[in-house]
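Visitor: I have a structure here and would like to talk through its charged pairs. Could you walk me through it?

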Amino acid sequence: MGFGELFLIGVGLSMDAFAVAICKGLGMRKMRWGQGVVIGLFFGGFQALMPLAGWLLGRQFEQYITSIDHWIAFILLGFIGGKMIWDAFHEVDEAPSGQDRFNLRELLMLSIATSIDAMAVGITFAFLQVSILPAVGLIGCTTFCLSLAGVWLGCRFGSRYKNKATLAGGIILCLIGLKILLEHLGFLG
């Protein structure tokens with residue numbers, strides 16, 4: 001598998017993380033590059049770790065992983081999206097000293113939810129005998145860059161329309177979770 005194919009796989013895998021990163025940026029009044037980098041590192045790191053884990057698990061566990069990955073992603077994205085929708089309609093106290101809220105536990109859940117499908121890609125890599133370290137490195141770097149760009153884009157849009165943007169972000173997360181579920185159940189192609 002060549003660089004171009006791996007890059008396209010990386011872009012494809014990072015689209016959910018990109019969308020979620022936009023949602024995270026929507027909640028920022030001002031772009032905080034440190035938080036953007038942390039978000040990019042979480043998403044990029046998990047997008048790299050999941051294919052590696054899938055590659056290590058190998059073929060014998062494929063049926064167990066693919067039978068539940070969509071449910072895990074659906075539940076996690078639905079929970080976080082639902083919380084964002086709730087927050088859009090209920091005024092939430094501002095974080096101390098004017099800082100934007102930044103929740104690492106939520107970020108961890110989002111990172112897992114957006115990268116769990118990548119485990120199946122790792123299993124595929126094992127079947128195709130892909131050199132795993134360059135592959136996961138490229139996937140992780142691609143996701144990092146797109147996630148950081150997503151945070152910036154979300155921040156630029158969300159600073160003007162915070163509540164509407166939070167509502168839109170929550171709806172987007174719920175729809176991504178539903179899309180993942182429907183794809184794995186065979187309702188979407």
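Guide: Happy to; what follows covers the fold first and then the salt bridges. This is a predicted model, in which local features need pLDDT of at least 70, side-chain atom pairs count only at pLDDT 80 or more, and totals for chains, interfaces and linings use all residues. Residues are numbered from 1 along each chain as its sequence is written, and side-chain values use heavy atoms, with hydrogens and water left out.

Visitor: What order do the elements of the protein run in from the N terminus on?

Guide: Helices (H or I, at least four residues) and strands (E, at least two) are DSSP runs, numbered from the N terminus. The protein has seven helices and zero strands. The order is therefore α-α-α-α-α-α-α.

Visitor: How many residues apart in sequence are the parts that Glu106 and Lys24 tie together?

Guide: Their side chains form a salt bridge at 2.5 Å, N to O, the rule being a side-chain nitrogen of Lys or Arg within 4 Å of a carboxyl oxygen of Asp or Glu. Glu106 belongs to helix H4 (residues 104-115) and Lys24 to helix H1 (residues 3-26), so the parts they tie together are apart in sequence by 82 residues.

Visitor: Is Lys24 buried or exposed?

Guide: Buried means under 20% relative accessible area, exposed over 50%, and partly exposed in between (1.4 Å probe, protein chains only). Its partner Glu106, at 13%, counts as buried. Lys24 has a relative accessible area of 16%, so Lys24 is buried.

Visitor: Which helix holds Glu183 and Lys179?

Guide: These two side chains meet in a salt bridge at 3.3 Å, N to O. Glu183 is partly exposed at 32%, and Lys179 is partly exposed at 36%. They sit four residues apart, about one helical turn, in helix H7.
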